[in-house]
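Before reading my points, please take a moment with the sequence and the model shown here. I have set out my remarks in the order in which a newcomer might wish to follow them.

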Amino acid sequence: MSALSFRGNSSGIAYTVKVSRRARYARLKMSPEEGLTVVVPVGFDPKRVSALVESKMEWITKVQGNFDKHRPAETAQAETALPELIELAGIGESWRVEYRYDPLRPGIFIRELDGNVLDLSGGVDNRAWCFEALEQWLKHRAKLKLGSQLTRLAAINGFKIAGVSVKKQKSRWGSCSSRGNINLNLKLIFLPPLLVRYIMIHELCHTLHMNHSARYWETVERYDPDYAVHDREMKHAWRFVPAWFSSKS
């Protein structure tokens, strides 16, 4: 989207400015992970950005307060602690995690044991290694389970897709290319099933309409009559992602 991106600050509010070739006018958007982003069209005077942010300060403060209100009350220490239980609501699974230090085994080795136990052995005293191993395991699990869910949903409803990929992304929950390749955000694996299904329907409908026109939303409504409710809920869906994982984005 962006031909140019740079940082700014106004009244103590940090923001990122993104110049978009597709933008027709300047607009502000906020997310709990990326903060405030000002999207402007090509040729927009950078000197006007600060004034724009100042004029929207009441809205910015309100949205930020809403983010804080919904943010899980976890300490910084909890955010970096290794998880003992991983709840994967999006695929209906819960895994208990065990860590076994083995000085003779380099790196981290993961095994799935009976009873949904995830066994990590090796250099488990290295948190970075553990987080990386858990993320790779989650990618494998998501590709297997979310990928099959999407493929099945497409087949049942008559959509044709070229392929499915799963990536860890900061802001986009999914995307669809003009060739019908759908990418799902790895973090979907933590979300409630109805929201996961909504995102899948959202992207599948893009295989028919590569835009957000009235016809597109009519198509979405055909497969998800409650799409408007689900779309509103997605604005706060980040709260379902555990702190230990979202903080490693």
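The numbered points below go from the whole chain to single elements and then to two individual residues.

1. Overall composition. The model under review is a predicted one, and the secondary structure of its protein chain amounts to eight helices and eleven strands. The chain has 249 residues, of which 40% count as buried. When contacts with a separation of 6 or more are considered, 45% of them in the protein chain are between residues 24 or more positions apart.

2. The enclosed strand β8. Strand β8, residues 117-122, deserves a careful look, because six of its six residues are buried and the strand is therefore largely enclosed by the rest of the structure. The side to which a residue points makes no exception here: Val-117, Asp-119 and Ser-121 point one way, Leu-118, Leu-120 and Gly-122 point the other way, and all are buried.

3. The partners of β8. Strand β6, which covers residues 93-101, runs parallel to β8 and is joined to it by six bridges, with Val-97 standing opposite Leu-118 of β8. Strand β7, residues 108-113, pairs with β8 in the antiparallel sense, again over six bridges, and in that pairing Ile-110 is found opposite Leu-120. β7 and β8 form a hairpin with three residues between them, and in its turn Gly-115 has a positive phi of about 80°.

4. The sheet of three strands. A mixed, open sheet is formed by three strands in the order β9-β11-β10. Its edge strands are β9 (163-167) and β10 (174-176), each of which pairs on one side only. On average, and with direction ignored, neighbouring strands of this sheet are turned by 15° against each other. Between β10 and β11, the latter comprising residues 181-185, the pairing is antiparallel and consists of three bridges; within it, Cys-176 has Ile-182 of β11 as its bridge partner. Helix α4, residues 127-157, packs on the sheet and touches β9 and β11, its direction making about 140° with that of β9.

5. The course of helix α4. With 31 residues, α4 reaches 43 Å from its first C-alpha to its last, which is close to the 45 Å expected at 1.5 Å a residue. The reader should nevertheless note a kink of about 25° in α4, centred on Ala-142. Both ends of the helix have a feature to point out: at the N-terminal end, Asn-126 acts as a cap, with a side-chain oxygen 3.1 Å from the backbone nitrogen of Ala-128, while after the helix comes Gly-158, whose phi is positive and near 80°.

6. The covered helix α5. Helix α5 has 13 residues and spans 18 Å from its first C-alpha to its last, close to the 18 Å expected at 1.5 Å a residue. This helix is mostly covered, since ten of its 13 residues are buried; among them are Leu-195, Tyr-198, Met-200 and Glu-203. What do the buried residues of α5 pack against? They pack against helix α4, strands β10 and β11, and also α6 (214-223) and α7 (227-233).

7. His-202 within α5. His-202 is located in helix α5, residues 193-205, and with a relative accessibility of 12% this residue counts as buried, the cut-off for that class being under 20%. Its side chain makes a polar contact with the side chain of His-212, at 3.3 Å. When residues up to four places away in sequence are not counted, His-202 touches His-212, Tyr-216 and Trp-217.

8. Asn-185 within β11. Is Asn-185 buried or exposed? At 2% relative accessibility, Asn-185 counts as buried, and its place is in strand β11. The side chain of Asn-185 reaches two backbone atoms, namely the oxygen of Gln-169 at 3.0 Å and the nitrogen of Lys-187 at 3.0 Å. Apart from neighbours within four places in sequence, the residues in contact with Asn-185 are Lys-167, Lys-168, Gln-169, Arg-172 and Trp-173, so that Gln-169 appears both as a contact and as the residue whose backbone oxygen is reached.

Key
Residues are numbered from 1 along each chain as its sequence is written. This is a predicted model: local features need pLDDT of at least 70, side-chain atom pairs count only at pLDDT 80 or more; totals for chains, interfaces and linings use all residues. Side-chain values use heavy atoms; hydrogens and water are left out. Buried means under 20% relative accessible area, exposed over 50%, partly exposed in between (1.4 Å probe, protein chains only). Helices (H or I, at least four residues) and strands (E, at least two) are DSSP runs, numbered from the N terminus. Two strands pair if DSSP finds at least two bridges between them. Axes are lines fitted to C-alpha atoms, for helices over the stretch in contact, and angles run from 0 to 180 degrees between N-to-C directions. Contact means heavy atoms within 4.5 Å. The expected span of a helix is 1.5 Å times one less than its number of residues. The bend at a residue is the angle between axes fitted to the seven residues ending there and the seven starting there. A polar contact is a pair of N or O atoms within 3.5 Å; within protein, one must be able to donate a hydrogen and the other to accept it, and residues adjacent in sequence count only if both atoms are side-chain atoms.
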